[in-house]
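Here are a few notes to help you find your way around a structure you have not met before. Please keep the view open and look up each spot as you read.

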Amino acid sequence: MTTTPAATPAATPAEPTARTVFLLAHTGRPAAIRSAELVVQGLLRCGIGVRVLEREAADLPLPPSVEMVAEATPDVLDGCELLVVLGGDGTLLRGAEFARASGVPMLGVNLGRVGFLAEAERDDLDKVVDRVVTRAYEVEERMTIDVLVHRNGDIVHRDWALNEAAVQKVSPERMLEVVLEIDGRPVTGFGCDGIVCATPTGSTAYAFSAGGPVVWPEVEALLMVPISAHALFAKPLVTSPTSVLAVEVQTHTPHGVLWCDGRRTVELPPGARVEVRRGAVPVRLARLHHASFTDRLVAKFALPVSGWRGRPG
């Protein structure tokens, strides 16, 4: 993970550089609609242009000066300095797809429950607008994973994830039989509900729910976390960021399914092999606060810390 100050584009006094922010919102939520309206009004008042997707614009009370684009392709962020995302975890992961493809930093505002990817809450909208206007934010790069699905020696699917790639069973009445491999060597095999291969960012998502460790974002590592495994040795594994993780679906087991960030899915027939390695392209996140990850963890999970006396004098 690397952190850099927000870049300030050069501009001449006679002709200032135009600034544009892309806004992505979960328009199915009334709170998101109202939040989007407040953010748009604040940015426009400060002379910053706003761009939105046409299909979302129909649900938002937007002034005519807001730019609308029809297609949700990576190039819709061309010329934008920031991607502001309003919503819960699903919307933030959707925004991460745009951020990775475009290289534009994403600033998340949490309108859901936990929102580890978010940098602000709905009560912070005025602060969000002010920080965007004054460029008072830093940009942090988060590690991703690249995912390959092999069948009969051929690559049949390519994908990526910011949080995790999860190999899961499909039939509720039958386990998925798998063999795990790290760096070209077999580790163990068992029946299970699935396997989560995660990044440090994803350690507080699906991997956490499956019993995996919390990994600080600045730690570069890959995680492999079994889900409800029927085995004596079925512990979460933490490997080098240069390792290659593999999950082989046994030929005699029912087919499984691969989920990437809970958003993109592909069927895994018996005999399929899923390989996970460090991603070539990171996701860039805009950060407003210098609070430690420890403080973020305590706040997001409402952890009890009463009685803490601190470091001795």
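The points below go through strands, salt bridges, cysteines and a surface patch.

1. Please keep in mind that this is a predicted model.

2. A good place to begin is the open sheet of six strands, ordered β16-β15-β14-β11-β18-β19 with antiparallel pairing. Strands β16 (237–239) and β19 (264–268) stand at its edges with a single partner strand each, so one side of each has no neighbour in the sheet. From one strand to the next, the twist averages 15 degrees. At the β16 edge, three bridges join that strand to β15 (residues 222–227), and L223 has V238 as its bridge partner.

3. Next, look at the hairpin of β12 (residues 176–182) and β13 (residues 185–192): the two strands run antiparallel and are joined by seven bridges. I182 is partnered with R185. Two residues lie between the strands, and D183 takes a positive phi near 55 degrees.

4. How many salt bridges does a search of the whole structure find? The search finds 20. One of them pairs E67 with R51, with the closest N and O atoms 3.1 Å apart. E67 is in strand β4 and R51 in strand β3, so this contact ties together parts that are 16 residues apart in sequence. E67 is partly exposed, at 36% relative accessible area, while R51 is buried, at 10%.

5. Two further pairs span longer stretches of sequence, as their separations show: 166 residues for R263 and E97, and 177 residues for E119 and R296. R263 sits in the loop between β18 and β19, and E97 in helix α3; their closest N and O atoms are 2.8 Å apart. E119 lies in the loop between β6 and β7, and R296 in helix α6, with 2.9 Å from N to O. Both E119, at 4% relative accessible area, and R296, at 16%, are buried. This pair also belongs to a salt-bridge network of E119, E140, R142, R287 and R296.

6. On the cysteines, the disulfide count comes to zero. The sulfur of C80 has its closest cysteine sulfur 17 Å away, in C46, which is too far for a bond. For C260 the closest is in C197, at 9.9 Å, again too far. C80 is buried at 10% relative accessibility, and C260 is buried at 0%.

7. Finally, have a look at the surface: L303, V305 and W308 make a nonpolar patch of about 360 Å². V305 is found in the segment after α6 (293–301).

Methods
Residues numbered from 1 in each chain as written. Predicted model: local features only at pLDDT ≥ 70, side-chain atom pairs only at ≥ 80, totals over all residues. Heavy atoms only, no water. Pairing = 2+ DSSP bridges. Helix = DSSP H or I, 4+ residues; strand = E, 2+ residues; numbered from the N terminus. Axes fitted to C-alpha atoms, helices over the stretch in contact; angles between N-to-C directions. Patch = residues over 30% accessible without salt bridge, like charges linked within 9 Å, V, L, I, M, F, W, Y side chains within 5 Å. Areas by Shrake-Rupley, 256 points an atom, 1.4 Å probe, with all protein chains shown as cover. Salt bridge = Lys/Arg side-chain N within 4 Å of Asp/Glu carboxyl O. Disulfide = S-S within 2.5 Å. Buried < 20%, exposed > 50% of the residue type's maximum accessible area, 1.4 Å probe, protein only.
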